[in-house]
Amino acid sequence: MDKMPLVIGYTIEKALQIIGSESNVIIDSTSTPYKDKIEERQGNIPIVVRQKVENSKIILTTSLFK
């Protein structure tokens, strides 16, 4: 885990491909609290916005953008 690649800005698929299958990855998704924005972003691809290593696990937080 010393040389964990930075995957912020990538799609989940690409991020998991870069990290590799040997790592324990947890994916956390965020959402906007505004109903009009939720509808606007439906169908968009989640992007990694935060990356953290905790207890030998990689935690990726994703969000949807317009």
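Reader: Which residue is the bridge partner of Asp-28 in β3?

Author: The bridge partner of Asp-28 in β3 is Thr-61. This is a predicted model, in which local features need pLDDT of at least 70, side-chain atom pairs count only at pLDDT 80 or more, and totals for chains, interfaces and linings use all residues. Residues are numbered from 1 along each chain as its sequence is written, and side-chain values use heavy atoms, with hydrogens and water left out.

Reader: What makes β1 and β3 a pair of strands?

Author: Strands are DSSP runs (E, at least two residues), numbered from the N terminus, and two of them pair if DSSP finds at least two bridges between them. Strand β1 (residues 25–29) and β3 have 5 bridges in the parallel sense, so the definition of pairing is met.

Reader: In which sense do β2 and β3 pair, and over how many bridges?

Author: Strand β2 (residues 47–54) pairs with β3 in the antiparallel sense over 7 bridges. Here Thr-61 is the bridge partner of Arg-50.

Reader: Why is Thr-62 called buried?

Author: Buried means under 20% relative accessible area, exposed over 50%, and partly exposed in between (1.4 Å probe, protein chains only). Thr-62 has 2% relative accessibility and therefore counts as buried. Thr-62 lies in strand β3; 6 of the 7 residues of this strand (residues 57–63) are buried, so β3 is largely enclosed by the rest of the structure.

Reader: What makes contact the right word for Thr-62 and Ile-12?

Author: Contact means heavy atoms within 4.5 Å. Leaving aside neighbours within four places in sequence, Thr-62 is in contact with residues including Ile-12, Ile-27 and Pro-46.

Terms used:
Helices (H or I, at least four residues) and strands (E, at least two) are DSSP runs, numbered from the N terminus.
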